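User: Could you take a close look at one helix for me, and at the contacts its side chains make?

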Amino acid sequence: MPTARSNSHPPRSNPGPAAAARNRAALLEAAHAVFAESGTAAPLSSIARRAGVGQGSLYRHFPDRVSLVAAVVEENVDALEAAAAAGAGLPELLGLVTRHAIESVGVVDLLAEDRPARMLELRDRVLAVLAARHGPATEAGQVPPGTTVDDLMLGVELVAGALTRRPAADRAPMAARAWRLLGIQVVLP
């Protein structure tokens with residue numbers, strides 16, 4: 001006669017949606033770190049490994065590299081909007097955008113090539129955040145007179161471009177130098 005299941009190995013419980021949310025957050029955190037260290041061409045398996053999940057979980061959340069890159073950029077824009085909502089000024093906001101560029105060299109280019117409409121939507125969100133702080137920053141002398149919000153975005157693009165193909169250790173000093181040359185005060189976090 002069959003015996004009841006041994007209590008030495010209790011059945012695993014299915015953590016359900018809570019695990020999915022945890023896994024997604026872990027994957028995004030790992031993607032930020034891996035992209036900062038190795039660029040967007042890093043093996044996705046290294047992201048899954050760092051997140052402590054299997055590759056199947058990675059592909060359930062992000063079916064391809066560009067989906068993961070888009071989620072990283074969106075998370076960066078969310079952080080920028082949260083900083084603005086918390087009262088950060090233009091130098092701190094530009095510093096945050098710059099920090100994201102330092103940590104994610106190549107991310108924006110990859111997303112812009114594959115999903116230009118999505119990239120334009122995210123750019124518009126960044127533009128709106130910077131526009132809300134532009135006037136007070138100009139009055140405080142944190143940007144040169146006559147600098148427009150479009151000029152600020154051009155500055156972001158110029159600085160991000162200057163960071164490509166630079167060793168990770170050189171990026172923050174290079175970014176700070178570029179902003180000084182543009183005459184715009186930036187506070188890097």
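Analyst: Happy to; here is a walk along helix H7 and its salt bridges. This is a predicted model, where local features need pLDDT of at least 70 and side-chain atom pairs count only at pLDDT 80 or more, while totals for chains, interfaces and linings use all residues. Residues are numbered from 1 along each chain as its sequence is written, and side-chain values use heavy atoms, with hydrogens and water left out.

Helix H7 covers residues 116-139 (helices are DSSP runs of H or I, at least four residues, numbered from the N terminus). Its end C-alpha atoms lie 34 Å apart, in agreement with the 34 Å expected for 24 residues (1.5 Å times one less than the number of residues). H7 bends by about 40 degrees at Arg133, with Pro136 following within four residues; the bend is the angle between axes fitted to the seven residues ending there and the seven starting there. Just after H7, Gly141 has a positive phi of about 75 degrees.

Now the salt bridges (a side-chain nitrogen of Lys or Arg within 4 Å of a carboxyl oxygen of Asp or Glu). Arg125 pairs with Glu74 at 3.2 Å, N to O. Glu74 sits in helix H4 (residues 65-85), so this pair ties H7 to a part 51 residues away in sequence. Arg125 counts as buried because its relative accessibility is 19%, whereas Glu74, at 27%, is partly exposed (buried is under 20% relative accessible area, exposed over 50%, partly exposed in between, with a 1.4 Å probe and protein chains only). Within H7, Arg118 bridges to Glu121 at 2.6 Å; these two are 3 residues apart, about one turn of the helix. Both pairs belong to a salt-bridge network that also includes Asp78 and Glu81.
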